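Visitor: I would like a close look at one small part of this protein, followed by how that part fits into the rest. Please take it step by step.

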Amino acid sequence: FASDAVWTLAVRAQLYPAVAAALGVTRLARQAEVSKGPKRESRATMLWDPSGFGGWVETRELGVTYGLDVTKVMFSSGNGTEKARMGQLPAAGETVVDLFAGIG
């Protein structure tokens with residue numbers, strides 16, 4: 001998907017909406033390997049975003065809903081024990097900040 005010679009804008013204009021419709025989604029992004037730098041930054045890019053929502057997503061794991069912009073930060077599915085513990089705490093309506101997000 002990186003070659004503009006093969007994947008022209010005209011091809012992408014037809015391909016991405018078809019893929020999104022088949023998957024039942026409203027946006028498409030390409031996941032890339034997390035950067036090797038000290039911040040371990042996301043290198044995901046938006047491929048198709050007709051409404052301009054950007055990379056903001058929410059995912060629920062072990063009782064905790066995480067919101068993040070996948071084009072700016074990485075999400076790690078690790079540390080399941082702590083995530084499960086946090087999902088059991090009575091915090092309905094509260095915002096919980098993971099101060100160690102991305103470390104490790």
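Visitor: Does Gly55 count as buried or exposed, and what is its relative accessibility?

Guide: Before the answer, a caution: this is a predicted model. The mean pLDDT of the protein chain is 82, and 89% of its residues reach 70 or more.

Gly55 counts as buried, because its relative accessibility is 3% and the cut-off for buried is under 20%. Of the 104 residues of the protein chain, 14% count as buried. Gly55 is found in the loop between strand S2 (45-48) and S3.

Next, the neighbours. Leaving aside residues up to four places away in sequence, Gly55 touches Arg27, Met46, Leu68, Asp69, Val70 and Thr71. A further distance can be given for Val73, which lies 18 residues from Gly55 along the chain. The C-alpha atoms of Gly55 and Val73 are separated by 9.7 Å.

Take Met46 from that list of neighbours. Met46 is found in strand S2. Met46 counts as partly exposed, because its relative accessibility is 28% and partly exposed covers the range between under 20% and over 50%. With residues up to four places away in sequence again left out, Met46 touches Arg27, Leu28, Ala29, Gly54, Gly55 and Thr71. Arg27 and Thr71 therefore appear in the contacts of Gly55 and also in those of Met46, where contact means heavy atoms within 4.5 Å. Met46 and Arg27 are 19 residues apart in sequence, and their C-alpha atoms are 7.8 Å apart in space.

Now take Asp69, another residue that Gly55 touches. Asp69 is buried, with a relative accessible area of 16%. The side chain of Asp69 meets that of Lys72 in a salt bridge, at 3.7 Å from N to O. The structure holds one salt bridge, so the pair Asp69 and Lys72 accounts for it, given a limit of 4 Å between the side-chain nitrogen and the carboxyl oxygen. Lys72, for its part, is exposed, with a relative accessible area of 59%. The salt bridge thus joins a buried residue, Asp69, to an exposed one, Lys72.

Asp69 also leads to the strands. Strand S3 (residues 56-61) and strand S4 (residues 64-69) run antiparallel and are joined by six bridges. Glu61 stands opposite Val64 in S4. The hairpin of S3 and S4 has two residues between the strands, and Leu62 takes a positive phi near 50° there.

Finally, the whole chain. The protein chain has two helices and four strands, in the order α-β-β-β-β-α along the sequence. Among the elements, H1 has the highest mean pLDDT (93), while helix H2 (residues 80-88) has the lowest (76). Of the contacts in the protein chain with a separation of 6 or more, 29% are between residues 24 or more positions apart. The accessible surface of the protein chain comes to about 7,800 Å², and 58% of this belongs to carbon and sulfur atoms. On the surface, Val19, Leu23 and Val25 form a nonpolar patch with about 230 Å² of accessible area together. Val19 is found in helix H1 (residues 9-23) and counts as partly exposed, at 31% relative accessibility.

Definitions and conventions: Residues numbered from 1 in each chain as written. Predicted model: local features only at pLDDT ≥ 70, side-chain atom pairs only at ≥ 80, totals over all residues. Heavy atoms only, no water. Patch = residues over 30% accessible without salt bridge, like charges linked within 9 Å, V, L, I, M, F, W, Y side chains within 5 Å. Areas by Shrake-Rupley, 256 points an atom, 1.4 Å probe, with all protein chains shown as cover. Buried < 20%, exposed > 50% of the residue type's maximum accessible area, 1.4 Å probe, protein only. Pairing = 2+ DSSP bridges. pLDDT = per-residue confidence, 0-100.
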